[in-house]
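Biologist: I would like a close look at one part of this model, followed by a connected account of how that part sits among the strands around it. Please take the pairing of the strands as the thread.

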Amino acid sequence: MDGMPQTWKLDQSDGRLEIRTGVGGRAAKMGHRLTIVMNIWHATVAWADGEPTQVTLTVDVDSLEVLSGEGGVTPLTGPEKALARTNALKVLNAKRFPRITFESSDIDKTGDRYRLTGTLQIHGQTRNQVVDVAVSELDEVWRISCEADVRHSDFGLKPYSMLMGSMKVADAVTVSFSAKRNKR
């Protein structure tokens with residue numbers, strides 16, 4: 001990684017930030033497991049001596065889009081996607097807390113992976129978060145990817161529920177990130 005710029009700037013044109021939800025409760029079979037994409041995000045990676053030293057990520061909560069839903073009694077329709085988006089923005093209190101941020105405090109390299117230890121801020125609450133990032137090289141492109149579980153309850157969020165709680169979004173969601181970066 002020698003000869004690289006000292007700072008990488010990445011955004012949604014370089015990759016994808018996705019959230020997958022689960023469903024819980026007695027009536028879970030009725031609910032959809034959602035795939036959500038965050039359409040506006042910015043990441044900065046600072047480098048020194050060919051290694052990353054600092055990573056920050058900022059996500060615009062209002063850019064949330066419900067892409068699809070698996071399971072459920074019937075397929076997820078356009079109006080249901082819009083309703084799910086509205087409900088998610090309410091849970092996240094997007095008007096009061098318009099951004100989600102991650103900032104690394106330590107980065108350790110192990111093989112082709114980097115372990116980022118830092119803080120994640122959602123809904124005004126800050127918690128420690130560890131993210132294992134895979135980096136691979138293909139021709140003139142770096143591929144970067146990671147996946148981490150995040151719990152609503154860790155950030156004072158109450159997952160969306162209906163039917164008096166017999167169907168609700170699972171507490172843990174899976175956040176995945178993938179991006180490509182030209183070596184030049």
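Modeller: Gly 24 stands opposite Lys 168 in strand 13, and that pair is a good place to begin in what is a predicted model. Strand 3 and strand 13 (residues 167-169) run antiparallel and are joined by two bridges. They belong to an open sheet of three strands, ordered 3-13-12 and paired in the antiparallel sense, in which strand 3 (23-24) and strand 12 (161-162) are the edge strands, each pairing on one side only.

Just before this sheet, in the loop between strand 2 and strand 3, lies Thr 21. Its relative accessibility is 12%, and because buried means under 20%, Thr 21 counts as buried. A polar atom of the Thr 21 side chain lies 2.9 Å from the backbone nitrogen of Leu 34. Leaving aside neighbours within four places in sequence, Thr 21 is in contact with His 32, Arg 33, Leu 34, Ile 36, Val 169 and Val 173.

On the other side of that loop, strand 2 (residues 15-20) pairs with strand 14 (residues 172-182) in the antiparallel sense over six bridges, and within this pairing the bridge partner of Leu 17 is Phe 177 in strand 14. Both strands are part of an open sheet of eleven strands with antiparallel pairing, in the order 1-5-6-8-9-10-11-14-2-4-7. Strand 1 (7-11) and strand 7 (64-71) stand at the edges of this sheet with a single partner strand each, so one side of each is left without a neighbour in the sheet. On average, and with direction ignored, neighbouring strands here are turned by 20° against each other. Helix 1 (residues 78-92) lies across strand 4 (32-38), strand 7 and strand 9 (113-122), and runs at about 115° to strand 7.

Elsewhere in the order of the eleven strands, strand 5 (residues 41-48) and strand 6 (residues 51-60) run antiparallel and are joined by eight bridges, with Gln 54 in strand 6 as the bridge partner of Ala 46. These two strands form a hairpin with two residues between them, where Asp 49 takes a positive phi near 55°, a positive value in a residue other than glycine. At 77% relative accessibility, Asp 49 counts as exposed, because the cut-off for exposed is over 50%. A positive phi, near 60°, is also found for His 123, again a residue other than glycine, and His 123 has its place in the loop between strand 9 and strand 10 (125-138). His 123, however, counts as buried, at 18% relative accessibility.

Strand 6 is in turn joined to strand 8 (residues 99-110) by five bridges, the two running antiparallel, and the bridge partner of Thr 58 is Thr 101 in strand 8. Glu 103 is found in strand 8 as well, and is partly exposed, with a relative accessible area of 44%. Not counting residues up to four places away in sequence, Glu 103 touches Gln 54, Val 55 and Thr 56, together with Gly 118 and Thr 119. Gln 54, one of these contacts, is the residue already named as the bridge partner of Ala 46. By contrast, the C-alpha atoms of Glu 103 and Asn 93, ten residues apart along the chain, are separated by 21 Å.

Methods
Residues numbered from 1 in each chain as written. Predicted model: local features only at pLDDT ≥ 70, side-chain atom pairs only at ≥ 80, totals over all residues. Heavy atoms only, no water. Pairing = 2+ DSSP bridges. Helix = DSSP H or I, 4+ residues; strand = E, 2+ residues; numbered from the N terminus. Buried < 20%, exposed > 50% of the residue type's maximum accessible area, 1.4 Å probe, protein only. Contact = heavy atoms within 4.5 Å. Axes fitted to C-alpha atoms, helices over the stretch in contact; angles between N-to-C directions. Polar contact = N/O pair within 3.5 Å; in protein donor to acceptor, adjacent residues only side chain to side chain.
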